[in-house]
Amino acid sequence: MKNVLICSALTTALVSGFAQADNHSNNGNAITGQSLVENGYVEARLGFADVGLDDSAVIVAGTFGTSLSQVYPGLGAEADLTLTAIDAESDFVGGTVEASYASLAGYATYTYSLDKEIKGLEVLGRLGLAYTDADASASNGTASASANDSSIDFAIGIGARYNLRANLALVGRLDTYEDIDVFSFGATFRF
């Protein structure tokens, strides 16, 4: 619960900082609430998470991001929610271990366009913090046990995005945090 409160406080501080900048800026290059939405995008992805068991978990992920190019070209910010759709599992003699997790992350991002080399292709990088809540259970038919753990860890990711149109792109990402490696792919829609 303490981790959830810390993440909530950090998110509130970040949002209120943007709102404060929005209310008091006269500079055309300032970060405003309107510019965050105008430069914003959403992503929907499906993928696999390696949580250390024989079979990977199937995940669904959603991202809201925005460009902060008015601060520095290529800079951006993202909020990411990842949920387990199908649990990871391992079989052992007479039993099964299953694991699932949910993650809420905030990232600073950098996007590098490769338009000169390959039209429409962008290379993506991101670094941030992820709150992860993981559940595991084991059973062998006669006995069972379960555990839950949550933590805030550094998260890092790389990826690529191919722009099909001005507002639609295909995206693939590889992210890692708290001993979880996630490969996902999906689509980006820009506002």
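**Exercise 1. How many aromatic pairs does the structure hold?**

Before solving, note that this is a predicted model, in which local features need pLDDT of at least 70, side-chain atom pairs count only at pLDDT 80 or more, and totals for chains, interfaces and linings use all residues. Residues are numbered from 1 along each chain as its sequence is written, and side-chain values use heavy atoms, with hydrogens and water left out.

*Solution.*
- Step 1: Start with the criterion: rings of Phe, Tyr and Trp (its six-membered ring) pair if their centres lie within 6.5 Å, and planes under 30 degrees apart count as stacked, over 60 as edge-to-face and the rest as tilted.
- Step 2: The structure holds 3 aromatic pairs.
- Step 3: One of them is edge-to-face and joins Tyr 101 to Tyr 177, with 6.3 Å centre to centre and 65° between the planes.
- Step 4: This pair links distant parts of the chain, since Tyr 101 sits in strand β5 and Tyr 177 in strand β8, 76 residues apart. Strands here are DSSP runs (E, at least two residues), numbered from the N terminus.
- Step 5: Check burial, where buried means under 20% relative accessible area, exposed over 50%, and partly exposed in between (1.4 Å probe, protein chains only). Tyr 101 has a relative accessible area of 4% and is therefore buried; Tyr 177, with a relative accessible area of 4%, is buried too.

**Exercise 2. Find the cavities of 30 Å³ or more and describe their linings.**

*Solution.*
- Step 1: Rolling a probe the size of a water molecule over the atoms shows where empty space is left. On a 1 Å grid over the protein atoms alone, a cavity is a set of points where a 1.4 Å probe fits but cannot get out, and lining residues have an atom within 4 Å of a point. Grid points are joined across faces, edges and corners, and a volume is the space filled by probe spheres set on the points.
- Step 2: The search gives 2 cavities of 30 Å³ or more.
- Step 3: The largest cavity has a volume of about 50 Å³. Its lining includes Arg 45, Asp 80, Arg 126, Asp 175 and Tyr 177. At least two lining residues come from each of β2 (57-67), β3 (75-86), β8 (168-177) and β9 (180-190).
- Step 4: Sort that lining by class (Ala, Val, Leu, Ile, Met, Phe, Trp, Tyr, Cys and Pro as nonpolar, Asp, Glu, Lys and Arg as charged, the others, Gly among them, as polar). The largest cavity has 5 nonpolar, 2 polar and 4 charged lining residues.
- Step 5: The second largest cavity has a volume of about 40 Å³. Among the residues that line it are Glu 78, Tyr 110, Gly 125, Arg 161 and Arg 173. Two or more of its lining residues come from each of β5 (95-113) and β6 (121-139). By class, its lining has 3 nonpolar, 3 polar and 4 charged residues.

**Exercise 3. Which residues do shared salt-bridge partners join into one network?**

*Solution.*
- Step 1: Side chains of opposite charge can pair when their charged atoms come close. The cut-off for a salt bridge is a side-chain nitrogen of Lys or Arg within 4 Å of a carboxyl oxygen of Asp or Glu.
- Step 2: Over the whole structure, the search finds 10 salt bridges.
- Step 3: Glu 78 bridges to Arg 173, with the closest N and O atoms 2.9 Å apart. Glu 78 is in strand β3 and Arg 173 in strand β8, 95 residues apart. Both Glu 78 and Arg 173 are buried.
- Step 4: Arg 161 pairs with Glu 122, the closest N and O atoms being 2.8 Å apart. Arg 161 lies in strand β7 (residues 144-165) and Glu 122 in strand β6, so this salt bridge ties together parts that are 39 residues apart in sequence. Arg 161 counts as buried because its relative accessibility is 4%, and Glu 122 is buried at 13% relative accessible area.
- Step 5: Glu 122 also meets Arg 190 in a salt bridge (3.5 Å, N to O). Glu 122 in strand β6 and Arg 190 in strand β9 are 68 residues apart, and both are buried.
- Step 6: The network joined through shared partners consists of Glu 43, Arg 45, Glu 78, Asp 80, Glu 122, Arg 126, Arg 161, Arg 173, Asp 175 and Arg 190.

**Exercise 4. Trace how β5 pairs with β3, β4 and β6.**

*Solution.*
- Step 1: Two strands pair if DSSP finds at least two bridges between them.
- Step 2: β3 and β5 are antiparallel over 9 bridges; here Asp 80 stands opposite Ala 105 in β5.
- Step 3: Strand β4 (residues 88-92) pairs with β5 in the antiparallel sense over 5 bridges, and Phe 92 stands opposite Gly 95 in β5. Their hairpin has 2 residues between the strands, and Gly 94 takes a positive phi near 80° there.
- Step 4: β5 and β6 run antiparallel, joined by 18 bridges, with Tyr 110 opposite Gly 125 in β6.

Methods. On a 1 Å grid over the protein atoms alone, a cavity is a set of points where a 1.4 Å probe fits but cannot get out, and a pocket is an open set with protein on both sides within 12 Å along at least five of seven lines; lining residues have an atom within 4 Å of a point. Helices (H or I, at least four residues) and strands (E, at least two) are DSSP runs, numbered from the N terminus.
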